[in-house]
Amino acid sequence: MITNRKPTFAMYWAASCGGCEIAVLNTHEKILDVEANFDIAFWPLAMDAKYKDVEAMEDGSILITFFNGGIRNDENEHIAKLLRRKSKILVAFGSCACEGCIPGLANLSPVGEIVYTAFNTITTDNPHEIYPHTAFDVPEGELHIPKLSKILLPLDQVVDVDYYMPGCPPESHQVSAVIDLAIEVIRGLADLPPKGSVIGVGNSTVCDECPRARNVKLIKAFKRIQDIAPVDPTLCILEQGVPCNGPATRSGCNARCPQAGAQCIGCYGPAEGVMDYGARLITAFSSVIDANTPDEIERILDGIPDPTGQVYRFNLAGSLMKGAKSAWIKENS
Amino acid sequence: MTDNFEPTIIGFTCNWCSYRAADLAGTARMKYAPNVRLIRMMCSGRLDPTFVLHALSSGADGVMITGCHPGECHYIEQNYKALRRFLLLRHVLTGLGIEPERVKLVWASAAEGARFASETTAFVEEIRRLGPLSWGKAAIKEGGRIKDDKDSSFVIHLSSFEKEVPS
């Protein structure tokens with residue numbers, strides 16, 4: 001079909017922080033290439049738009065949608081399904097959409113407890129214990145706010161996803177590379193990668209990109225990075241006793257954190273072939289422990305104050321377990 | 001808990017010791033609880049924690065990991081690696097709200113058929129006491145997906161929180 005109209009682009013945020021949108025804008029002058037090659041159909045952060053405008057679009061009329069954020073309420077779910085219908089290519093953009101990210105850690109708590117914490121802790125001034133209601137009558141009619149779901153779900157557990165682009169947020173040079181690829185595809189100069197591909201990433205682990213030296217050193221204690229001074233600038237951080245998530249994490253960021261002297265926290269998600277990110281990290285951390293007796297191993301493991309949060313920091317919602325038992329099942333008490 | 005709950009247990013056994021211990025228990029016609037589905041590996045050091053999480057999230061109520069006694073590993077020291085992984089895995093499972101007793105590590109040599117049988121039976125009774133890990137099955141049933149709006153079992157109304165919050 002020959003048309004003079006530019007292909008359209010959309011970007012939406014669900015349960016996320018907005019950092020992914022900043023990462024797109026952070027591509028500097030590359031954003032002008034987006035404008036030159038695409039019509040922006042829907043991008044609430046960058047321009048005014050209404051959901052009803054999207055609903056009025058023809059199905060499949062948006063060429064590519066970057067969807068960032070997980071699915072935490074029924075509004076997120078509605079827009080995810082709507083944009084899936086309207087888009088030819090749906091990209092789970094950023095760690096939240098791919099695997100839950102930090103908002104996914106809320107899957108460790110029942111939803112009632114989350115709301116209670118938000119509205120009724122010592123840092124919140126709420127003496128009358130007022131909680132939000134999903135429906136409220138006003139003279140003009142009934143108002144609704146979105147309903148929370150039990151747990152946060154990554155995008156691909158709600159709708160079909162074409163491509164994944166992990167990172168918290170995706171590095172700007174990777175975003176630029178993906179924009180370049182999309183433009184080349186439109187011009188017929190390149191083919192689309194196979195459906196389900198993880199794009200804008202490397203194919204290995206962060207350790208592979210990390211310039212620090214790895215020996216076969218074993219450790220007698222896990223420590224927090226602020227407790228070791230100075231951090232050796234050339235030696236593997238895990239071998240210095242700091243739990244570093246690099247061994248299980250996908251490459252693509254040029255090992256930015258380890259190069260800056262901090263441990264990898266795992267924002268690029270599971271490396272190629274890793275089924276459960278936390279399980280891979282359990283193996284990695286266990287491999288440096290220098291002890292053979294249960295008591296001594298337990299003493300070393302005590303150096304990791306929050307093992308579950310450590311190994312599932314970005315990946316809980318996308319893990320095999322998806323969340324804690326208490327979030328799934330209401331205990332009988 | 002229902003009285004007729006039969007736990008589903010996945011057992012990972014080492015080719016050189018505990019699998020032979022199970023074999024010995026069988027050939028000696030020892031009786032033990034039939035709830036364990038054994039999977040043979042070359043070594044307990046092959047045990048990737050992914051296997052355990054996969055089993056628990058797919059409907060198993062407990063996982064038994066067995067290997068050679070410390071110092072007797074066919075591959076010199078791989079069972080120590082299994083021990084380290086097992087201990088860290090228990091911490092992680094606790095954080096996920098799973099009773100750490102649902103995953104058990106047993107050392108059994110090829111001659112210890114009786115020990116294998118008694119440990120298995122004890123473990124099955126322990127899991128029977130804990131009850132089903134119904135959460136794994138609930139997760140499968142719901143498929144992790146939000147169902148359509150008519151089904152309110154998944155979507156929770158904010159207004160119902162007043163009843164749920166701790167007093």
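The numbered points below go through chain A, part of chain B and the nonpolar core that they share in a predicted model.

1. Overall dimensions of chain A. The chain is built from 13 helices and nine strands. Its radius of gyration is 22 Å, close to the 20 Å that the globule rule gives for 333 residues, so chain A is as compact as a globular protein of that length. Along the principal axes, the C-alpha trace spans about 65 × 60 × 30 Å. Of the 333 residues, 45% count as buried, and among contacts between residues at least 6 apart in sequence, 75% join residues at least 24 apart.

2. Domains of chain A. The domain assignment gives domain 1 in two segments, 8-102 and 150-186, with domain 2 at 113-149 and domain 3 at 206-302. The centres of domain 2 and domain 3 of chain A, taken over C-alpha atoms, are separated by 41 Å.

3. The parallel sheet of chain A. Five strands form an open sheet whose order is β2-β1-β3-β5-β9, with parallel pairing. Its edge strands are β2 (39-42) and β9, each of which pairs on one side only, and the twist averages 25 degrees from one strand to the next. Within this sheet, β3 (residues 62-68) and β5 (residues 87-93) of chain A run parallel and are joined by five bridges. One residue pair to inspect here is F67(A) and A92(A), since A92(A) in β5(A) is the bridge partner of F67(A).

4. The surroundings of A92(A). Which residues does A92(A) touch, if those up to four places away in sequence are not counted? They are F67(A), A97(A), C98(A), L155(A), D156(A), V161(A), Y164(A) and M165(A). The list therefore takes in F67(A), the bridge partner of A92(A).

5. The largest nonpolar core. This core has 131 residues, and those with the most contacts inside it are Y12(A), F67(A), V91(A), A92(A), I9(B) and V63(B). Helix α3 (residues 78-95) of chain B gives the most to the core, with nine residues. From chain A, the core draws at least three residues from each of domain 1 (8-102 + 150-186) and domain 3 (206-302).

6. The hairpin of chain A. Strands β6 (residues 135-138) and β7 (residues 141-144) of chain A pair in the antiparallel sense over four bridges, and a hairpin of two residues joins β6(A) to β7(A). Within this pairing, D137(A) stands opposite E142(A) in β7(A).

7. Positive phi values in chain A. Most residues other than glycine have a negative phi, and most peptide bonds are trans. H28(A), which is not a glycine, has a positive phi of about 55 degrees, and this residue lies in the loop between α1 (19-25) and α2 (30-37) of chain A. C101(A), also a residue other than glycine, has a positive phi near 55 degrees and is placed in the loop between α5 (95-99) and α6 (111-120) of chain A. Are these residues buried or exposed? H28(A) counts as exposed because it has 9 C-beta neighbours inside 10 Å, whereas C101(A) counts as buried because it has 33 C-beta neighbours inside 10 Å.

8. Cis peptide bonds in chain A. The bond that joins C168(A) and P169(A) is cis, with omega of about -10 degrees, and P169(A) is found in the loop between β9 (163-165) and α7 (172-186) of chain A. A cis peptide bond also leads from A229(A) to P230(A), where omega is near -5 degrees. P230(A) has its place in the loop between α8 (206-209) and α9 (256-259) of chain A.

9. Helix α1 of chain B. Seven of the ten residues of this helix (residues 18-27) are buried, so α1(B) is largely enclosed by the rest of the structure. The buried residues are S18(B), Y19(B), R20(B), A21(B), A22(B), L24(B) and A25(B). What do they pack against? Their partners are β1 (9-14), β2 (36-41), β3 (62-67) and α4 (113-130) of chain B. The helix is followed by R29(B), whose phi is positive, near 55 degrees.

Conventions. Residues are numbered from 1 along each chain as its sequence is written. Chains are lettered from A and ligands numbered from 1 in the order in which they are written. This is a predicted model: local features need pLDDT of at least 70, side-chain atom pairs count only at pLDDT 80 or more; totals for chains, interfaces and linings use all residues. The radius of gyration is taken over C-alpha atoms; the globule rule is 2.2 Å times the number of residues to the power 0.38. A residue is buried if 20 or more other C-beta atoms lie within 10 Å of its own, exposed if 12 or fewer, and partly exposed in between; C-beta atoms are placed from the backbone. Two residues are in contact if their C-beta atoms, placed from the backbone, lie within 7 Å. Domain bounds come from an automatic or database domain assignment. A nonpolar core is a set of buried Ala, Val, Leu, Ile, Met, Phe, Trp, Tyr and Cys residues joined through C-beta atoms within 7 Å. Two strands pair if DSSP finds at least two bridges between them. Axes are lines fitted to C-alpha atoms, for helices over the stretch in contact, and angles run from 0 to 180 degrees between N-to-C directions.
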